[in-house]
Amino acid sequence: MFPVSGQLKLEGKKVMGKTMPFWIKATFLFIGLQLLFHLLRGSLGGMLGWYLMHLSEFPEAVTGYSTIENGFQLVLRMEDLDAVAAISLTYGQIMWFLIINLLVFLILAPMKMAVVEQYWVAYKGETSIFKRVLHWYTDRKLFGKSIVVGLILDLGCRLIAILALLPSSALYAMIYSGSIIGVSTEESVRLSLLSFLALAFMIGGALLSFYLYTILYPIRYCLAARPDYSVGQVLRRGVDSIKGYRGEFFRFRLTFLHWYLMSFLTYGVIELYVLPYLSFSSFQFLQEAAKDRQEKNKTN
(Lines give C-alpha, C1' and ligand atoms only; values in the text may rest on other atoms or scores of the structure.)
Protein backbone atom coordinates (compact mmCIF):
# COMPACT_ATOMS: atom_id res chain seq x y z
CA MET A 1 0.00 0.00 0.00
CA PHE A 2 1.33 3.43 -0.95
CA PRO A 3 2.26 5.50 2.15
CA VAL A 4 0.01 8.39 3.16
CA SER A 5 1.24 11.99 2.98
CA GLY A 6 1.83 12.23 6.73
CA GLN A 7 4.10 9.20 6.72
CA LEU A 8 6.07 10.44 3.71
CA LYS A 9 6.55 13.84 5.32
CA LEU A 10 7.63 12.27 8.61
CA GLU A 11 10.26 10.12 6.90
CA GLY A 12 11.47 13.09 4.88
CA LYS A 13 11.70 15.21 8.01
CA LYS A 14 13.78 12.54 9.78
CA VAL A 15 16.37 12.48 6.98
CA MET A 16 16.27 16.27 6.84
CA GLY A 17 17.11 16.54 10.54
CA LYS A 18 19.91 13.95 10.45
CA THR A 19 21.65 15.53 7.45
CA MET A 20 21.21 19.21 8.33
CA PRO A 21 24.97 19.94 8.74
CA PHE A 22 25.53 18.95 5.09
CA TRP A 23 23.03 21.31 3.46
CA ILE A 24 22.36 24.16 5.89
CA LYS A 25 25.14 26.45 4.58
CA ALA A 26 23.93 26.24 0.98
CA THR A 27 20.34 26.88 2.11
CA PHE A 28 21.33 29.96 4.11
CA LEU A 29 23.28 31.27 1.13
CA PHE A 30 20.39 30.77 -1.29
CA ILE A 31 17.70 32.24 0.97
CA GLY A 32 19.99 35.14 1.87
CA LEU A 33 20.62 35.95 -1.79
CA GLN A 34 16.93 35.57 -2.60
CA LEU A 35 15.94 38.00 0.16
CA LEU A 36 18.70 40.45 -0.77
CA PHE A 37 17.64 40.50 -4.42
CA HIS A 38 14.01 40.91 -3.42
CA LEU A 39 14.93 44.06 -1.53
CA LEU A 40 17.21 45.31 -4.31
CA ARG A 41 14.62 44.73 -7.01
CA GLY A 42 12.20 46.99 -5.17
CA SER A 43 14.71 49.81 -4.89
CA LEU A 44 16.18 49.40 -8.39
CA GLY A 45 12.90 49.22 -10.30
CA GLY A 46 12.79 45.47 -10.70
CA MET A 47 9.22 45.15 -9.44
CA LEU A 48 5.94 46.29 -10.96
CA GLY A 49 2.60 46.84 -9.28
CA TRP A 50 -0.71 48.66 -9.22
CA TYR A 51 -1.22 52.01 -7.56
CA LEU A 52 -4.43 52.40 -5.56
CA MET A 53 -5.69 55.99 -5.37
CA HIS A 54 -8.74 57.76 -4.05
CA LEU A 55 -11.16 58.63 -6.83
CA SER A 56 -10.94 62.34 -5.93
CA GLU A 57 -7.24 62.28 -6.92
CA PHE A 58 -8.06 61.00 -10.39
CA PRO A 59 -11.70 62.01 -11.06
CA GLU A 60 -11.36 61.78 -14.85
CA ALA A 61 -10.19 58.15 -14.69
CA VAL A 62 -11.75 55.82 -17.24
CA THR A 63 -11.40 52.05 -17.10
CA GLY A 64 -9.25 50.68 -19.89
CA TYR A 65 -5.93 50.87 -21.70
CA SER A 66 -4.40 54.07 -23.00
CA THR A 67 -1.04 55.27 -24.27
CA ILE A 68 1.12 57.88 -22.58
CA GLU A 69 4.39 59.46 -23.66
CA ASN A 70 6.86 56.60 -24.28
CA GLY A 71 4.60 54.10 -22.55
CA PHE A 72 1.09 53.04 -21.58
CA GLN A 73 -1.27 52.83 -18.63
CA LEU A 74 -4.01 50.50 -17.42
CA VAL A 75 -6.80 51.94 -15.30
CA LEU A 76 -9.61 50.33 -13.32
CA ARG A 77 -12.17 52.80 -11.98
CA MET A 78 -14.05 51.33 -9.01
CA GLU A 79 -16.97 53.67 -8.49
CA ASP A 80 -18.55 51.98 -5.47
CA LEU A 81 -15.22 51.69 -3.68
CA ASP A 82 -14.44 55.34 -4.48
CA ALA A 83 -11.02 54.25 -5.72
CA VAL A 84 -8.90 53.92 -8.84
CA ALA A 85 -6.37 51.14 -9.48
CA ALA A 86 -3.79 52.04 -12.11
CA ILE A 87 -0.46 51.00 -13.52
CA SER A 88 1.53 53.44 -15.60
CA LEU A 89 4.77 52.39 -17.28
CA THR A 90 7.23 53.76 -19.79
CA TYR A 91 8.99 51.44 -22.18
CA GLY A 92 12.26 52.35 -20.46
CA GLN A 93 10.88 51.15 -17.13
CA ILE A 94 9.75 47.89 -18.71
CA MET A 95 13.19 47.33 -20.25
CA TRP A 96 14.94 48.07 -16.94
CA PHE A 97 12.53 45.72 -15.17
CA LEU A 98 13.41 42.92 -17.59
CA ILE A 99 17.17 43.53 -17.28
CA ILE A 100 17.12 43.53 -13.47
CA ASN A 101 15.02 40.38 -13.25
CA LEU A 102 17.11 38.61 -15.89
CA LEU A 103 20.29 39.26 -13.90
CA VAL A 104 18.64 38.06 -10.69
CA PHE A 105 17.38 34.94 -12.46
CA LEU A 106 20.84 34.12 -13.90
CA ILE A 107 22.28 34.23 -10.38
CA LEU A 108 19.53 32.44 -8.47
CA ALA A 109 18.64 29.64 -10.94
CA PRO A 110 22.03 27.84 -10.67
CA MET A 111 22.08 28.46 -6.91
CA LYS A 112 18.69 26.83 -6.45
CA MET A 113 19.84 23.81 -8.42
CA ALA A 114 22.99 23.64 -6.29
CA VAL A 115 20.91 23.64 -3.10
CA VAL A 116 18.56 20.92 -4.35
CA GLU A 117 21.61 18.86 -5.34
CA GLN A 118 22.92 19.24 -1.78
CA TYR A 119 19.58 17.93 -0.49
CA TRP A 120 19.64 14.97 -2.85
CA VAL A 121 23.21 13.98 -2.00
CA ALA A 122 22.38 14.20 1.71
CA TYR A 123 19.18 12.21 1.22
CA LYS A 124 21.15 9.41 -0.47
CA GLY A 125 23.44 9.23 2.58
CA GLU A 126 26.46 10.73 0.87
CA THR A 127 28.59 13.59 2.13
CA SER A 128 27.67 16.96 0.67
CA ILE A 129 30.55 19.27 -0.21
CA PHE A 130 29.73 22.96 -0.02
CA LYS A 131 32.27 23.81 -2.72
CA ARG A 132 30.18 21.81 -5.21
CA VAL A 133 27.77 24.75 -5.22
CA LEU A 134 30.21 26.61 -7.44
CA HIS A 135 30.27 24.02 -10.22
CA TRP A 136 26.75 25.08 -11.24
CA TYR A 137 28.37 28.40 -12.22
CA THR A 138 31.78 27.30 -13.45
CA ASP A 139 30.60 24.36 -15.57
CA ARG A 140 28.93 25.84 -18.66
CA LYS A 141 26.81 22.75 -19.31
CA LEU A 142 25.46 22.64 -15.77
CA PHE A 143 24.87 26.38 -15.81
CA GLY A 144 22.92 26.06 -19.05
CA LYS A 145 20.83 23.15 -17.75
CA SER A 146 19.97 25.03 -14.56
CA ILE A 147 18.84 28.00 -16.65
CA VAL A 148 16.61 25.82 -18.85
CA VAL A 149 15.00 24.16 -15.82
CA GLY A 150 14.57 27.53 -14.16
CA LEU A 151 12.96 28.97 -17.29
CA ILE A 152 10.45 26.14 -17.37
CA LEU A 153 9.58 26.06 -13.66
CA ASP A 154 10.16 29.56 -12.34
CA LEU A 155 9.20 31.62 -15.38
CA GLY A 156 7.19 29.34 -17.65
CA CYS A 157 4.87 28.07 -14.92
CA ARG A 158 4.45 31.60 -13.59
CA LEU A 159 3.37 32.75 -17.04
CA ILE A 160 0.93 29.85 -17.23
CA ALA A 161 -0.50 30.89 -13.85
CA ILE A 162 -1.01 34.46 -15.08
CA LEU A 163 -2.78 33.23 -18.21
CA ALA A 164 -4.92 30.81 -16.20
CA LEU A 165 -6.06 33.63 -13.92
CA LEU A 166 -6.87 36.06 -16.74
CA PRO A 167 -10.54 34.97 -17.10
CA SER A 168 -11.27 35.56 -13.40
CA SER A 169 -9.31 38.84 -13.42
CA ALA A 170 -11.30 40.06 -16.42
CA LEU A 171 -14.59 39.19 -14.74
CA TYR A 172 -13.63 40.90 -11.49
CA ALA A 173 -12.53 43.99 -13.43
CA MET A 174 -15.88 44.05 -15.21
CA ILE A 175 -17.78 43.69 -11.93
CA TYR A 176 -15.90 46.32 -9.96
CA SER A 177 -15.61 48.81 -12.81
CA GLY A 178 -19.38 49.38 -12.71
CA SER A 179 -21.74 50.45 -9.99
CA ILE A 180 -23.83 47.92 -8.08
CA ILE A 181 -25.55 50.38 -5.78
CA GLY A 182 -29.22 50.81 -6.62
CA VAL A 183 -29.22 48.32 -9.48
CA SER A 184 -32.34 46.34 -10.33
CA THR A 185 -33.04 42.91 -8.90
CA GLU A 186 -32.33 41.32 -12.26
CA GLU A 187 -28.99 43.12 -12.55
CA SER A 188 -28.12 42.21 -8.96
CA VAL A 189 -28.70 38.52 -9.71
CA ARG A 190 -26.54 38.79 -12.83
CA LEU A 191 -23.70 40.39 -10.86
CA SER A 192 -23.96 37.71 -8.17
CA LEU A 193 -23.68 35.01 -10.80
CA LEU A 194 -20.69 36.76 -12.37
CA SER A 195 -19.02 37.00 -8.95
CA PHE A 196 -19.55 33.29 -8.38
CA LEU A 197 -18.21 32.52 -11.87
CA ALA A 198 -15.17 34.73 -11.30
CA LEU A 199 -14.43 32.93 -8.02
CA ALA A 200 -14.81 29.55 -9.73
CA PHE A 201 -12.46 30.63 -12.53
CA MET A 202 -9.94 31.93 -10.01
CA ILE A 203 -9.90 28.70 -7.98
CA GLY A 204 -9.89 26.57 -11.12
CA GLY A 205 -7.09 28.59 -12.70
CA ALA A 206 -5.00 28.42 -9.54
CA LEU A 207 -5.45 24.65 -9.23
CA LEU A 208 -4.70 24.07 -12.92
CA SER A 209 -1.50 26.12 -12.84
CA PHE A 210 -0.40 24.45 -9.59
CA TYR A 211 -1.09 21.01 -11.10
CA LEU A 212 1.07 21.79 -14.13
CA TYR A 213 3.80 23.15 -11.87
CA THR A 214 3.60 20.02 -9.71
CA ILE A 215 3.92 17.49 -12.53
CA LEU A 216 6.83 19.43 -14.04
CA TYR A 217 8.75 20.09 -10.81
CA PRO A 218 10.41 16.62 -10.67
CA ILE A 219 12.64 17.69 -13.56
CA ARG A 220 14.53 19.80 -11.00
CA TYR A 221 14.95 16.75 -8.78
CA CYS A 222 16.03 14.69 -11.76
CA LEU A 223 18.75 17.18 -12.70
CA ALA A 224 19.92 17.32 -9.07
CA ALA A 225 20.21 13.52 -9.01
CA ARG A 226 21.75 13.18 -12.46
CA PRO A 227 23.61 16.35 -13.51
CA ASP A 228 25.19 14.35 -16.32
CA TYR A 229 21.85 13.91 -18.10
CA SER A 230 21.11 15.96 -21.18
CA VAL A 231 18.29 18.49 -21.07
CA GLY A 232 16.07 16.11 -23.03
CA GLN A 233 16.74 13.25 -20.61
CA VAL A 234 16.08 15.49 -17.61
CA LEU A 235 12.74 16.63 -19.01
CA ARG A 236 11.62 13.16 -20.07
CA ARG A 237 12.75 11.20 -17.02
CA GLY A 238 11.77 13.92 -14.58
CA VAL A 239 8.19 13.94 -15.83
CA ASP A 240 8.13 10.12 -16.08
CA SER A 241 9.25 9.78 -12.44
CA ILE A 242 5.67 10.44 -11.29
CA LYS A 243 3.93 8.77 -14.22
CA GLY A 244 0.97 6.91 -12.78
CA TYR A 245 1.22 8.92 -9.54
CA ARG A 246 0.54 12.44 -10.78
CA GLY A 247 -2.74 12.80 -8.93
CA GLU A 248 -1.16 11.49 -5.72
CA PHE A 249 1.84 13.79 -6.09
CA PHE A 250 -0.45 16.77 -6.74
CA ARG A 251 -2.47 16.04 -3.60
CA PHE A 252 0.74 15.43 -1.66
CA ARG A 253 2.16 18.82 -2.62
CA LEU A 254 -1.16 20.47 -1.78
CA THR A 255 -0.64 19.43 1.84
CA PHE A 256 2.16 22.03 1.93
CA LEU A 257 -0.23 24.81 0.93
CA HIS A 258 -0.06 26.55 4.31
CA TRP A 259 3.73 26.55 4.08
CA TYR A 260 3.59 28.17 0.62
CA LEU A 261 1.38 30.91 2.07
CA MET A 262 3.72 31.47 5.02
CA SER A 263 6.66 31.68 2.62
CA PHE A 264 4.84 34.35 0.62
CA LEU A 265 3.97 36.34 3.76
CA THR A 266 7.56 36.20 5.07
CA TYR A 267 9.14 37.15 1.70
CA GLY A 268 10.72 33.71 1.49
CA VAL A 269 12.53 33.81 4.83
CA ILE A 270 10.69 30.75 6.15
CA GLU A 271 11.96 28.78 3.15
CA LEU A 272 14.98 28.10 5.34
CA TYR A 273 12.73 25.38 6.71
CA VAL A 274 10.16 24.91 3.95
CA LEU A 275 12.53 24.32 1.02
CA PRO A 276 14.44 21.40 2.59
CA TYR A 277 11.26 20.02 4.19
CA LEU A 278 9.42 20.01 0.87
CA SER A 279 12.43 18.62 -1.01
CA PHE A 280 13.23 15.74 1.36
CA SER A 281 9.55 14.80 1.62
CA SER A 282 9.23 14.84 -2.18
CA PHE A 283 12.34 12.67 -2.50
CA GLN A 284 10.63 10.20 -0.18
CA PHE A 285 7.51 10.27 -2.36
CA LEU A 286 9.53 9.64 -5.53
CA GLN A 287 11.41 6.76 -3.93
CA GLU A 288 8.18 5.16 -2.76
CA ALA A 289 6.63 5.67 -6.19
CA ALA A 290 9.61 3.93 -7.82
CA LYS A 291 9.35 0.99 -5.39
CA ASP A 292 5.60 0.72 -5.88
CA ARG A 293 6.01 0.79 -9.66
CA GLN A 294 8.60 -2.01 -9.53
CA GLU A 295 6.34 -4.18 -7.35
CA LYS A 296 3.42 -3.68 -9.72
CA ASN A 297 5.60 -4.60 -12.71
CA LYS A 298 6.67 -7.83 -10.97
CA THR A 299 3.10 -8.87 -10.32
CA ASN A 300 1.96 -8.12 -13.90
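In this predicted model, the side chains of aspartate 292 and lysine 296 meet in a salt bridge, with 3.3 Å from N to O. General chemistry is the background here: side chains of opposite charge can pair when their charged atoms come close. Both residues belong to helix H11, and because they are four residues apart, about one helical turn separates them. That spacing fits a simple rule: an α-helix has 3.6 residues a turn, so residues three or four places apart point the same way. The two partners sit in different surroundings, as their accessibility values tell. Aspartate 292 has a relative accessible area of 14%, so it is buried, the cut-off being under 20%. Lysine 296, at 43% relative accessibility, counts as partly exposed.

Let us look at another pair in a helix. Glutamate 11 forms a salt bridge with lysine 14, and their closest N and O atoms are 3.7 Å apart. These two lie three residues apart in helix H1, which means that about one helical turn separates them. As for accessibility, glutamate 11 has a value of 30% and therefore counts as partly exposed. Lysine 14 is partly exposed as well, with a relative accessible area of 43%.

A further salt bridge joins the side chains of aspartate 228 and arginine 226, at 2.9 Å from N to O. Here aspartate 228 counts as exposed because its relative accessibility is 52%, the cut-off for exposed being over 50%. Arginine 226, at 36%, counts as partly exposed. The count of salt bridges in the model comes to five.

Now stay with helix H1, which covers residues 5-18. At 1.5 Å a residue, its 14 residues should span 20 Å, and its end C-alpha atoms are indeed 20 Å apart, so expectation and model agree. Which residues of H1 are buried? They are Leu8, Lys9, Gly12 and Met16. These residues cover an arc of only 95° around the axis, which puts them on the same side of H1. On the other side of the helix, Gly6 and Lys18 are exposed. If you wonder what the buried residues of H1 pack against, look for helix H2 (20-44), helix H9 (246-254) and helix H11 (271-299). The last of these is the helix that holds aspartate 292 and lysine 296.

From the helices, turn to the strands, with strand S3 (residues 71-78) as the guide. S3 is mostly covered, with seven of its eight residues buried. It pairs with strand S2 (residues 64-68) through five bridges, and the two strands run antiparallel. To find this pairing in the structure, look at threonine 67, which stands opposite phenylalanine 72 in S3. S2 and S3 form a hairpin with two residues between them. In that turn, asparagine 70 has a positive phi of about 60°.

Strand S3 also pairs with strand S4 (residues 83-90), again in an antiparallel arrangement, this time through eight bridges. Arginine 77 is a handy marker here, its bridge partner in S4 being valine 84. S3 and S4 form a hairpin too, with four residues between them. Aspartate 82 in this turn has a positive phi of about 55°. Strand S3 thus takes part in both pairings, with S2 and with S4.

Terms used:
Residues are numbered from 1 along each chain as its sequence is written. This is a predicted model: local features need pLDDT of at least 70, side-chain atom pairs count only at pLDDT 80 or more; totals for chains, interfaces and linings use all residues. Side-chain values use heavy atoms; hydrogens and water are left out. Buried means under 20% relative accessible area, exposed over 50%, partly exposed in between (1.4 Å probe, protein chains only). Two strands pair if DSSP finds at least two bridges between them. The expected span of a helix is 1.5 Å times one less than its number of residues. The arc is that of the directions from the helix axis to the C-beta atoms. Contact means heavy atoms within 4.5 Å. A salt bridge is a side-chain nitrogen of Lys or Arg within 4 Å of a carboxyl oxygen of Asp or Glu.
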